[in-house]
Amino acid sequence: MLDLDALKARYRSVVGAEPEGLWSAPGRVNLIGEHTDYNDGFVLPFALEKKAVIAGGQRDDDALVIVSLELDEEVRIPLADLKPGTEGWHSYLAGVAWALREAGHAVGGANLVMTSDVPLGAGLSSSAAIECATVATLADLYGLDIAPIDRAKLARVAENAYVGAPTGLLDQAASTLCEVDNGLFLDCRTLETEHVPLPMADQGYEMLVLDTKTPHSHVDGEYGTRRATCEAAAEILGIPALRDVTDLDEALARLEDETMVKRVRHVVTENERVLMAFELARTSDLSELAPLLDASHASMRDDYEITVPTVDLAVETAKKEGALGARMTGGGFGGCIIALAKAGDADRIGQSIAAAFKDAGFGAPEWFTATPAAGAGRLAGP
Ligand code: GLA
């Protein structure tokens, strides 16, 4: 649970004054559309109640002072010293100040005292939550007029160029643009968006989010390797991105490398699944999405090869215990699964997965049920 009184108290003890305001940005789950974003494809995430919150205020010495309520550390960085590639947790905030300044925005010094209840390394976009909360904070503190989609893009610049993780726009777009009770359909090429109601409770469903506690990271090699293979395939096929494959069989026949064939098949079929899910969510009962969730998981497991034994066991057990559909969510190699379940079933399914993990000698998972929450913004009052 977030303790905003403790956050404000820490701000006061670091700065000696009240914060000028509190700004927040959420983590997300991706309902469907994995590893499609950097292929100019489609995604359909929704925001979580879990979020990063920053107590912020201007400084007049052209420096950032960055503090996390969870850590006993205070980092002071002169704006002139901001430099891509700097390591450490504070780079998710510092990187945003750098990205804004690189883009020509007049950002001066700031006190940024943060807290977050988005689990770290669980594939729920804890880093995007911090980045997007920082954009919201600095934009308001310095009166910057930046459109929401551009805020997401700037947060992504921080992640790609400053932190050094070669990710797409999914996480930052979700954290910035999502609305309560809705999923966000995003075309990652045109950047067109549409909010899609996800009335899970009204239709008698709930969404289990279960953290396998197998940590993952995007700064390491596997994510970048997948991305490079997709780009190489697009080049062989003579198209700008895998989004542009129109005839999958014909495209696959032109590729020799077996691994490349599998990666392309995942991306192209996953894009089709997102489009179908988008259509179904608008027109049908949400249970219609369940087979797409299952197919997405199988594709990530067999073709994109980004699942791990804990994740596969969690999905299998969820299905066995009555989940309508289930899949890994996020970048992969660990992290969380989501399972669409009948209302009242999610906790029991979580318990069963915990028991299966115990039998298999895996550590204990953690879980919660998620309802689509709001994107980044200023919280009421300081
Ligand atoms: C991570 C990245 C996103 C996206 C997903 C996979 O969350 O940050 O850009 O590529 O993995 O869908």
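**Close-up 1. Gly-331 and the ligand in a predicted model.** Let's start with a backbone: a polar backbone atom of Gly-331 sits 3.5 Å from an oxygen atom of the ligand. Keep in mind that everything shown here comes from a predicted model.

**Close-up 2. Side chains of Glu-34 and Asp-171 beside the ligand.** Here we look at side chains instead. In Glu-34, a side-chain N or O atom is 2.7 Å from an oxygen atom of the ligand. For Asp-171, the matching distance from a side-chain N or O atom to a ligand oxygen is 2.6 Å.

**Close-up 3. The surroundings of the ligand.** How many residues surround the ligand? There are 13 of them, and the closest are Glu-34, His-35, Asp-37, Asp-171 and Tyr-223.

**Close-up 4. Two domains, side by side.** Now for the bigger pieces. The domain assignment splits the protein into domain 1, covering 4-195, and domain 2, covering 199-370. Going by C-alpha atoms, the centres of domain 1 and domain 2 are 25 Å apart.

**Close-up 5. Where domain 1 meets domain 2.** On one side, 35 residues of domain 1 make contact, and they touch 46 residues of domain 2. Together the two domains bury about 3300 Å² between them, with carbon and sulfur atoms giving 65% of that area. Which three residues of domain 1 supply more of its buried area than any other three? Ile-32, Glu-34 and His-35 do, with 20% of what domain 1 buries against domain 2. Two of these names may ring a bell: Glu-34 and His-35 are also listed among the closest residues around the ligand.

**Close-up 6. Salt bridges and polar contacts between the domains.** Between domain 1 and domain 2, the count of salt bridges is 4. Zoom in on Arg-243 and Asp-187: they form a salt bridge, and their closest N and O atoms are 2.9 Å apart. Polar contacts join in too, with 20 residue pairs found across the interface.

**Close-up 7. The side of domain 1 that touches domain 2.** Strands β1 (21-32), β2 (42-59) and β6 (182-187) each bring at least two residues to this side. The largest share, 6 residues, comes from β2. By type, the residues of this side divide into 15 nonpolar, 11 polar and 9 charged.

Notes. Residues numbered from 1 in each chain as written. Predicted model: local features only at pLDDT ≥ 70, side-chain atom pairs only at ≥ 80, totals over all residues. Heavy atoms only, no water. Domains from an automatic or database assignment. Contact = heavy atoms within 4.5 Å. Buried area = accessible area lost by both parts, 1.4 Å probe. Salt bridge = Lys/Arg side-chain N within 4 Å of Asp/Glu carboxyl O. Polar contact = N/O pair within 3.5 Å; in protein donor to acceptor, adjacent residues only side chain to side chain. Helix = DSSP H or I, 4+ residues; strand = E, 2+ residues; numbered from the N terminus. Nonpolar A, V, L, I, M, F, W, Y, C, P; charged D, E, K, R; others polar. Near = heavy atom within 4 Å.
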